[in-house]
Amino acid sequence: MKGAPSYRVEHGAAGIWLALPGFGAPHRFGTKGFLSKTNRTIDGTPVVTANQVHKDGILIVDADRRDWGTLQAEASAADADALATAGAGGWIGVTTADCLPLLVHDPDRRVVAAVHAGWRGALMGIATTTMDRLTTRFGSRSNRLEAAIGPHIGVCCFEVGRAVLDLLEARFPGWQRWVERLSEGKGYFNLRAFIREQLAERGVEADRIHAVDLCTRCEADLFSSYRREGRSPQGMLSAVRVP
Ligand SMILES: [Zn+2]
């Protein structure tokens, strides 16, 4: 039997996005051109994004204190690569163009998170840090969390050099399992496998981890790609909200 795609393609006024049917919170993995930077709303509801700096900072979006329009304005000036909220009524999101967008949902505590994970943030541990923060701040239990991995650069295209390989080697025993075609000073990094392991390490169950199995660099019609387009591609928005 030929495998069906893991994702659904959906359309709306804002453009085309992908969604993962197994993931329990409303979410959108935007394709190229989904939403404009000047109108960050989905169905009239603000999408809160932060200023992403390739680190492991997490912004808690506290919707008890502010309306979502104010939260949106405040967050856009804050440096953070992950956002989490228990507030209903608004979206939180991250922008990527090859980096990995990770969405997390806790159906028990009704909390969601959106994570921007490039190799820098990933190796800093932003996925595990976010899950730990959900536990300490909201009382989430990792084995109840659901995860959705959006489109990102695949191991087919993600060539990395000495800087990344040295970091992997220094921090992660058995790091070679995430690197293909390893040769003198370069290799191809499997960011998705790395993030999956980080999730599993915290106890997220394999059947609760959903992923879009498309490469942003290969799929030029659908996605923006930093590697394909050069220094400033139009980023793609991935967003999630509390059900
Ligand atoms: Zn590729």
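# Contacts, a core and a zinc site

Student: Which residues does leucine 199 touch, not counting residues up to four places away in sequence?

Tutor: Leucine 199 touches Leu102, Met131, Ala147, Ile149, Val204 and Ile209. "Touching" is contact, meaning heavy atoms within 4.5 Å. By the way, this is a predicted model, in which local features need pLDDT of at least 70 and side-chain atom pairs count only at pLDDT 80 or more, while totals for chains, interfaces and linings use all residues. Residues are numbered from 1 along each chain as its sequence is written, and side-chain values use heavy atoms, with hydrogens and water left out.

Student: OK, so what makes something a nonpolar core?

Tutor: It's a set of buried Ala, Val, Leu, Ile, Met, Phe, Trp, Tyr and Cys residues joined through side-chain atoms within 4.5 Å. The largest one here has 42 residues, and Leu199 is among those with the most contacts inside it, as are Leu102 and Phe189. Its largest share, five residues, comes from helix 3 (residues 126-138). Apart from that core lies another, of 26 residues, including Ala75 and Leu214.

Student: How do you know whether cysteine 157 is buried or exposed?

Tutor: Check the cut-offs: buried is under 20% relative accessible area, exposed is over 50%, and partly exposed is in between (1.4 Å probe, protein chains only). Cysteine 157 has 12%, so it counts as buried. Cysteine 218 has 48%, so that one is partly exposed.

Student: Which atoms coordinate the zinc ion, and at what distances?

Tutor: The SG atoms of Cys156, Cys157, Cys215 and Cys218, at 2.2 to 2.3 Å. Donors are N, O and S atoms within 2.8 Å of the metal (3.2 Å for Na, K and Ca), and water is not among the atoms, so sites may look incomplete. Cysteine 157 and cysteine 218 are 61 residues apart, so to speak linking distant parts of the chain.

Student: Why is the site called tetrahedral?

Tutor: Four donors earn that name if all angles lie between 85 and 135 degrees. The angles among the four donor atoms here are 104 to 114°, so the zinc site is tetrahedral.

Student: How do you know that the buried residues of helix 1 line one face?

Tutor: The buried ones in helix 1 (residues 68-76) are Trp68, Leu71 and Ala75. Seen down the axis, they fall within an arc of 50°, so they line one face of the helix. That arc is the one spanned by the directions from the helix axis to the C-beta atoms. The helix itself is a DSSP run (H or I, at least four residues; strands are E, at least two), numbered from the N terminus.

Student: What makes the pair of arginine 192 and histidine 152 a polar contact?

Tutor: You need a pair of N or O atoms within 3.5 Å; within protein, one must be able to donate a hydrogen and the other to accept it, and residues adjacent in sequence count only if both atoms are side-chain atoms. The side chains of arginine 192 and histidine 152 are joined at 3.4 Å, so the distance fits. Arginine 192 sits in helix 5 (residues 191-201) and, at 22%, is partly exposed.

Student: What is the sign of phi at aspartate 43 and at aspartate 98?

Tutor: Positive in both cases, about 50° for aspartate 43 and about 115° for aspartate 98, although neither is a glycine. Most residues other than glycine have a negative phi. Aspartate 43 is exposed at 68%, whereas aspartate 98 is buried at 6%.

Conventions
Tetrahedral: all angles 85-135°; square planar, octahedral: opposite > 155°, others 65-115°.
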